Amino acid sequence: MTAVIPTDNPVDFTGPYRLSINGELREATTTFDVPNPATGAVIAQAPDGGADELNAAVAAAKAAVASWSGLSWEQRSAYLTRYADALDSHRDELATLLTTEQGKPRHTMAASEVDAAIFWVREVAQRTVPVEVIEDDDDHRVEVHHVPLGVVGAITPWNFPVLLGLWKVAPALITGNTMVLKPSPYTPLCSLRFGEIAARVLPPGVLNVVSGGNEIGQLLCEHPDVAKISFTGSTATGKKVMASGAGNLKRITLELGGNDAAIVLADADWKSLIPKLFDAAFGNSGQWCIAIKRLYVHSSIHSQFVDEFVKYCATKTVGDGMDPQTDLGPIQNTMQYEKLRSMFADIEANGYRVPLGGQIDVDRPGNFVPITIVDNPPEDSRIVREEPFGPVLPILSFDTEDEVVARANDTEFGLGGSVWGGREQAARIAGRLETGTVWVNEIHIHGIDVPFGGHKCSGLGVENGAEGLTGFTNTKTLMFHK
Ligand code: NAD
């Protein structure tokens, strides 16, 4: 291993990009290309960390546990607030970097992701997990404490690398743990900057960032000195994470894939909902765990709805996220782009009605996929059963409440869902959906104090809220004989 680079220089967002281990910036022996998905041009080299770097990061995190967990909540809060301030001072550069490596529009989604993430760090820094007194009488006192776990491994995906990374960093650190963060190899750059900024304001070893391939994710999950894995990614990888963590009975939180249904009832004011439903289905080009992936519209309004929805979608622009005119950016990586090509080929081969889009222009530079609507494909079609993770949406017609509930629930996924229409029926349907979150006449609202997680194969445990915070702790019961 590798030259150590001093950390007292200002952060330079043009590169080079380094690992951060024990408060030091380090090169890896090799690097890998990070392309801009809008152009295909390589924008940076990311360090390709291997077992040596990963082990060094875990060792540094382990060595820092005693001193970091020994600080008071107020002291850790002060550090995290400084971290939020330091991130904030690089807000614009981070948003540009996010668009350049991830593709989402700079002036809308990238800026709001960075702002939301920094807000999260600042707010979570104010949270505590108080000691609960269960019993306190003349003879006996019982206290329940929530103590740090030790080293937390965080593994993140490529669709929201900034928000989902800092959603893990802030609660893990405020509760007294230290961390090794491993970002997706598709979007390592913003996370490497988090490490670089942390090296300037947090004590050494508290937050370490190692980029590299999937195999270092697996090593992190298997590592005997890592107490917990907080993972966001696909269901298939989540299952592997669970198996890899069994060796030392790791605590595991899994935020996984989804196939969220939105249900528009016959009495919904459906015309006014179209912009919201569009954003919720197509925001981030559909690369969103909680994107609307199946839109069920009552049969009495279905065909009018499809016509109006298509008209609205046709006004939107797919392009380079750095262009202020762009509504939807490219697909983040060629692996996902190829998956979408296969999905589109299936839609065409089966002759489903496609009132908008449907043809991917492979000669266009960049991973661009057009906004695509599929009208009433069969319930067992790939576009209904699978998580497409792209700007393609099936709009399905339904007749009865029981039928739509059964169809919405007929999936291994259970992440989110939404119901739109008269309050009484919408609330009744919301109660019947088998998902971790259901929104009624609104969508995609999150909160620091609002737990978020999936049912069934969409996850295990939650992030955010009191439960999300205690998920980074061990419960410890103290009993006193008086
Ligand atoms: P992915 O599962 O391919 O990769 C996620 C992360 O896991 C990456 O950092 C990757 O390097 C790492 N990884 C790969 N193999 C590993 C292994 N064997 N052990 C440990 N780590 C390993 O997912 P992705 O394609 O990056 O992300 C898209 C998926 O994430 C979608 O299914 C989406 O729905 C889901 N997602 C879920 C949420 C949520 O909160 N529920 C949020 C965002 C994305």
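**View 1. The shell around the ligand in this predicted model.** Count the residues surrounding the ligand and you get 30. The closest ones are Asn214, Ser234, Thr237, Leu256 and Glu387. Sorted by character, the shell splits into 14 nonpolar, 12 polar and 4 charged residues.

**View 2. Zooming in on polar atoms beside the ligand.** Start with Thr156, where a polar backbone atom sits 2.7 Å from an oxygen atom of the ligand. Gln218 also uses its backbone: one of its polar atoms there is 3.4 Å from a nitrogen atom of the ligand. With Ser234, it's the side chain that does the job, placing a polar atom 2.7 Å from a ligand oxygen. As for how much of the ligand gets covered, it would expose 850 Å² taken alone, and the protein buries 92% of that.

**View 3. Helices and a strand that supply the shell.** Helix 7 (214–222) is the top contributor to the shell around the ligand, giving 4 residues. Strand 11 (228–232) and helix 8 (235–244) chip in too, with at least two residues each.

**View 4. Pulling back to the pocket and the two domains.** The ligand has settled into the largest pocket. Domain 1 is made of two stretches, 19–256 and 457–481, while domain 2 covers 260–447. Both domains give residues to the shell around the ligand, so the ligand lies between them.

Key:
Residues are numbered from 1 along each chain as its sequence is written. This is a predicted model: local features need pLDDT of at least 70, side-chain atom pairs count only at pLDDT 80 or more; totals for chains, interfaces and linings use all residues. Side-chain values use heavy atoms; hydrogens and water are left out. A residue is near a molecule or strand if one of its heavy atoms lies within 4 Å of it. A polar contact is a pair of N or O atoms within 3.5 Å; within protein, one must be able to donate a hydrogen and the other to accept it, and residues adjacent in sequence count only if both atoms are side-chain atoms. Accessible areas come from the Shrake-Rupley method with a 1.4 Å probe; for residues, only the protein chains shown count as cover. On a 1 Å grid over the protein atoms alone, a cavity is a set of points where a 1.4 Å probe fits but cannot get out, and a pocket is an open set with protein on both sides within 12 Å along at least five of seven lines; lining residues have an atom within 4 Å of a point. A molecule sits in a cavity or pocket if more than half of its atoms lie within 2 Å of its grid points. Ala, Val, Leu, Ile, Met, Phe, Trp, Tyr, Cys and Pro count as nonpolar, Asp, Glu, Lys and Arg as charged, and the others, Gly among them, as polar. Domain bounds come from an automatic or database domain assignment.
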